[in-house]
Amino acid sequence: MHEMGIASSVIETVRAEAAQHPGARVTKVGLRIGELSGVDAASLTFCFEALVKETELESAILAIEDAGCDELDLTYLEMEE
Amino acid sequence: MERVPLERKVLSENDRIAAGLRERFAERGILALNFISSPGSGKTMLLERTLGAFPAGKRVAVLTGDIQTDNDAQRLAKYGFPVRQISTGGACHLDARMIERGLEGWDLDQIDLLFIENVGNLVCPTSYDLGERAKVVVLSVTEGEDKPLKYPGIFHKAELMILNKIDLLPYVPFKIELARECANRVHPGMEIIEVSCTTGAGLDVWQGWLEHRRGH
């Protein structure tokens with residue numbers, strides 16, 4: 001179970017990126033997870049939701065796209081002013 | 001709504017540190033290997049047998065990871081080579097930063113071969129690049145032949161599979177051909193070496209692989 005660490009890395013990157021867009025609220029985080037990445041999407045979502053609770057990212061949702069190899073990529077952020 | 005494309009690896013910070021380690025190893029011609037298996041498949045015993053066969057003065061060092069205890073470091077230190085325990089304090093895998101810290105104070109110019117024994121776990125260590133030249137997965141005949149199918153990530157990424165405990169084959173229903181077939185489905189052409197760390201069978205083939213791999 002290392003999805004908690006992965007979720008922390010996702011949040012770190014999202015925060016760094018969001019800092020470039022002052023005043024914007026992150027609503028969606030796009031991820032690509034390969035079936036050989038060793039990361040479970042449901043478990044990652046659970047950890048992400050636990051970590052963003054009562055933070056500025058609370059309303060952000062993870063949009064996870066399946067992939068065929070060992071991908072573990074952040075693909076996009078959606079933000080609202 | 002604004003969509004900002006990112007296209008970066010989630011573990012980019014770990015990958016950045018791992019790339020730095022890989023460069024340090026490459027500059028010195030160090031062969032760094034990352035050993036991954038489930039708990040109890042015999043990683044530490046394999047390293048004990050490997051260290052035990054080296055002549056004194058062999059330029060080898062070991063970092064060994066566990067969640068708790070320094071039992072493995074104590075076992076491995078008996079052979080007279082530098083050994084350090086990395087206690088992850090709960091984490092189920094080693095990451096590149098732990099390796100960077102683990103190497104602190106060691107003169108890498110004095111090392112040709114670095115063994116990194118990961119935490120016993122077939123899933124989590126797979127995601128974390130440690131700057132190694134190759135991952136080595138250890139499977140033992142007391143496990144299921146279909147482990148490669150159940151944990152495809154590590155069997156896909158490993159360059160070599162060591163099939164350990166073959167001395168137990170007469171007592172367990174393990175079918176080597178089936179295990180090879182499962183490994184091949186996930187990683188066609190992966191090298192497989194059969195060994196017994198108890199009897200020493202196959203260890204010469206493993207040592208040959210190490211020597212060969214050091215040169216490349």
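This is a short tour of a two-chain contact, one loop residue and a nonpolar core.

The model is predicted: local features need pLDDT of at least 70, side-chain atom pairs count only at pLDDT 80 or more, and totals for chains, interfaces and linings use all residues. Residues are numbered from 1 along each chain as its sequence is written, and chains are lettered from A and ligands numbered from 1 in the order in which they are written.

**Stop one: the contact**

Select the A–B contact (C-beta atoms, placed from the backbone, within 7 Å). Chain A gives 21 residues and chain B gives 22 residues. On the chain A side, helix H1 (3–18) and strand S3 (72–80) each supply at least two residues. Helices (H or I, at least four residues) and strands (E, at least two) are DSSP runs, numbered from the N terminus. S3(A) has the largest share of that side, nine residues.

Now show S3(A) with strand S1 (residues 2–9) of chain B. They run antiparallel, joined by six bridges; pairing takes at least two DSSP bridges. Pick A:Tyr76: B:Pro5 in S1(B) stands opposite.

**Stop two: a loop**

Go to B:Gly80, in the loop between helix H3 (71–77) and strand S4 (83–87) of chain B. Buried or exposed? B:Gly80 counts as exposed because it has 12 C-beta neighbours inside 10 Å. The cut-offs, with C-beta atoms placed from the backbone, are 20 or more others within 10 Å for buried, 12 or fewer for exposed, and partly exposed in between.

**Stop three: the core**

Select B:Ile99, B:Phe115, B:Ile116 and B:Val137. These have the most contacts inside the largest nonpolar core, which has 73 residues. Such a core is a set of buried Ala, Val, Leu, Ile, Met, Phe, Trp, Tyr and Cys residues joined through C-beta atoms within 7 Å. Finish on B:Val137, which touches B:Ile36 and B:Phe155, among others.

Key
Lists of a residue's contacts leave out its neighbours within four places in sequence.
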